[in-house]
Amino acid sequence: MGTSSDIKLINEEGLRIDGRKSNELRPIKIEAGVLNRADGSAYIEWGGNKVLVAVYGPREAFPKHTQNPSRAVINARYNMAAFSVDERKRPGPDRRAVEISKVIGEALECAIFTEQFPRTSIDIYIEVLQADAGTRIAGLTAASVALADAGIPMRDMVVGCASGKIDGKVVLDLNKEEDNFGQADLPIAIIPRTQEIVLLQMDGNMSRDEIQEAVAMSKKAALFISNIQREALLERYKEKEVNEEGERNE
Amino acid sequence: MSKSSDEIVYGLKREYLQKISTEGNRIDGRKFDEFRELRVTTNFVPRAEGSAEVRLGNSRVLVGVKIEEGEPFPDTPNSGILTTNSELLPMASPTFESGPPNEDSIELARVVDRGIRESKMIDLEKLVIEPGKKVWVVFVDIHVLDFDGNLIDASAIGAVAALIESKVPASKIGLSDFPLPINHVPVMVTSAKIGSSLVVDPNLEEEEVATARISVSTDENGNIVAMQKGLGGSITEEELFIAIDNSIKVGKDIRKRVLGK
């Protein structure tokens, strides 16, 4: 975790610097089908995070040697815009982005029926337009919606939420300051229907009991966010219905 | 061999390893929570400030530490720098290619780095030469020489062993050399999911058929300092805590028996 400091992250009333309770999420908004060319897309606002996701595929995997004869290859690309953070980030993938892309791809692979599309690739482009801690989970959560929007068959929509430790207390969904000055961060993503864990990382210092508390907290939040994902998809479907009816009336 | 025949062999192997795992067995006869033979030779490269050669079963990794003067990061003027890199050398496996580090290599280095950094193993604040201007930079370089599975643990244990032995070459700037200030001793232990079993320290054959991998680094107080789930399969919450308990238990043994701490 980040540097230690004297900054107090939880006040006497047990509230965090942005006024949240320990188990309270930041506001989350998801929209499906936001791009024209992509096969599927989604946009998420999660606290100060703004992340756009596009899905292309399944399409013939290229170059050919990357093809898998028995299933689709999942290519996730997590990318941060140069202007998404306080100090300009040099454009292009750094080592952090490569690792995050890998774990996001692996998490989505757990849910996608890859065996239905041999020799193809499913390309998932995650663009972080503004970052405010928790971008990998925000990106992953939106990516699931974009995959569903692209009509790719999945066991369920993967969804996640980070938890962590600040001022010695386990809390949900760290913001930027809490991520910088807290003691642990634990991003986690699940398949809601089975509650299997598909992404899990952790850094900092936590006891076994604290991890148990954090995992339970994250899971509960993930199930809540799962509903926001579903609503975003339904909203997109509703719009279509209205449009189609409108056309018929003409 | 064509890719399709690869797939068939892979399928058969997976089936066999899953089958024996339901009977509580592993392909090399180990128990589920048993590490392979682990041998660590420190000071393998005396020219480095610290080094360790690790043989974990038939996996072989060489970790070298170099410590040099450098500029601190602007946001941490009163702290030395730790940086970790790994190279999956083409000599180590027919599947490794030369060239810039791929995502496996980057993940390996970053997970090893996380275990060291988050445990606060090295007292980086004692590596300041001139605040804001000059600090010691600790370079940990992981050379994978022979690949027979579980590179994460072999590399992490090698890095910790090499750092424990490392000396800061302060005589180069007119001071006297001093041992790298060490506060904690993290140990990484990885479990792999085969069928519905979790096995510690997977060898290559096990790694090839595993659906998920979970690496957990613990410190000497039994606290968890870093975790990473890998591969494209899922784990249950119960399995996560089996992996954590494996790591605490096996880590304690390795810390004492192999690292002498």
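Two strands are taken to pair if DSSP finds at least two bridges between them, and the elements themselves are DSSP runs numbered from the N terminus, with helices (H or I) of at least four residues and strands (E) of at least two. The model on screen is predicted, so that local features need pLDDT of at least 70 and side-chain atom pairs count only at pLDDT 80 or more, while totals for chains, interfaces and linings use all residues. Residues are numbered from 1 along each chain as its sequence is written, and chains are lettered from A and ligands numbered from 1 in the order in which they are written.

**The hairpin in chain B**

Select first strands S11 (residues 212-218) and S12 (224-230) of chain B. S11(B) and S12(B) form a hairpin with 5 residues between them, and in its turn Gly222(B) has a positive phi of about 80°. The two strands run antiparallel and are joined by 6 bridges; at one place along them, Ser217(B) has Ala226(B) as its bridge partner. S12(B) is mostly covered, with 7 of its 7 residues buried, where a residue is buried if 20 or more other C-beta atoms lie within 10 Å of its own, exposed if 12 or fewer, and partly exposed in between, the C-beta atoms being placed from the backbone.

**Across to chain A**

Keep S12(B) selected and add strand S11 of chain A, residues 196-206, which pairs with S12(B) in the antiparallel sense over 4 bridges. Which residue of S12(B) is the bridge partner of Asp203(A)? Ala226(B) is that partner, and Ala226(B) is also the bridge partner of Ser217(B). Met202(A), for its part, stands opposite Met227(B).

Now widen the selection to the whole contact between the chains, which takes 27 residues from chain B and 27 residues from chain A; two residues are in contact if their C-beta atoms, placed from the backbone, lie within 7 Å. On the side of chain B that touches chain A, the elements giving two or more residues are helix H1 (3-22), helix H2 (103-118), S12(B) and helix H5 (237-257). S12(B) gives the most to this side, with 7 residues. Coloured by class, this side of chain B has 9 nonpolar, 9 polar and 9 charged residues, if Ala, Val, Leu, Ile, Met, Phe, Trp, Tyr, Cys and Pro count as nonpolar, Asp, Glu, Lys and Arg as charged, and the others, Gly among them, as polar.

**Helix H3 of chain B and the core**

Move next to helix H3 of chain B, residues 151-165, whose end C-alpha atoms are 21 Å apart, in agreement with the 21 Å that its 15 residues should span at 1.5 Å a residue; the expected span is 1.5 Å times one less than the number of residues. Because 14 of its 15 residues are buried, H3(B) is largely enclosed by the rest of the structure.

The largest nonpolar core has 147 residues, of which Val53(A), Leu108(A), Ala142(A) and Val160(B) touch the most other members; such a core is a set of buried Ala, Val, Leu, Ile, Met, Phe, Trp, Tyr and Cys residues joined through C-beta atoms within 7 Å. The largest share of this core, 11 residues, comes from H3(B). Centre the view on Val160(B): leaving aside neighbours within four places in sequence, Val160(B) is in contact with Ile116(B), Met121(B), Val185(B), Pro186(B), Val187(B) and Leu259(B).

**Backbone stops in chain A**

Turn now to chain A and select Pro58(A), which lies in strand S3 (residues 49-60) and follows a cis peptide bond from Gly57(A), with omega near 0°. A cis bond also joins Phe62(A) and Pro63(A), with omega about -5°, and Pro63(A) lies in the loop between S3 and strand S4 (73-80) of chain A.

Two residues with positive phi come next. Ala133(A), in the loop between strand S5 (120-130) and helix H2 (135-149) of chain A, has a positive phi of about 70° although it is not a glycine. Is Ala133(A) buried or exposed? Ala133(A) counts as buried, with 24 C-beta neighbours inside 10 Å. Gln195(A), which is not a glycine either, has a positive phi of about 65°; Gln195(A) lies in the loop between strand S10 (188-191) and S11 of chain A, and is partly exposed, with 13 other C-beta atoms within 10 Å.

End at Lys21(A), in the segment before strand S1 (28-32) of chain A. Lys21(A) and Val171(A) are 150 residues apart in sequence and 8.2 Å apart in space, C-alpha to C-alpha.
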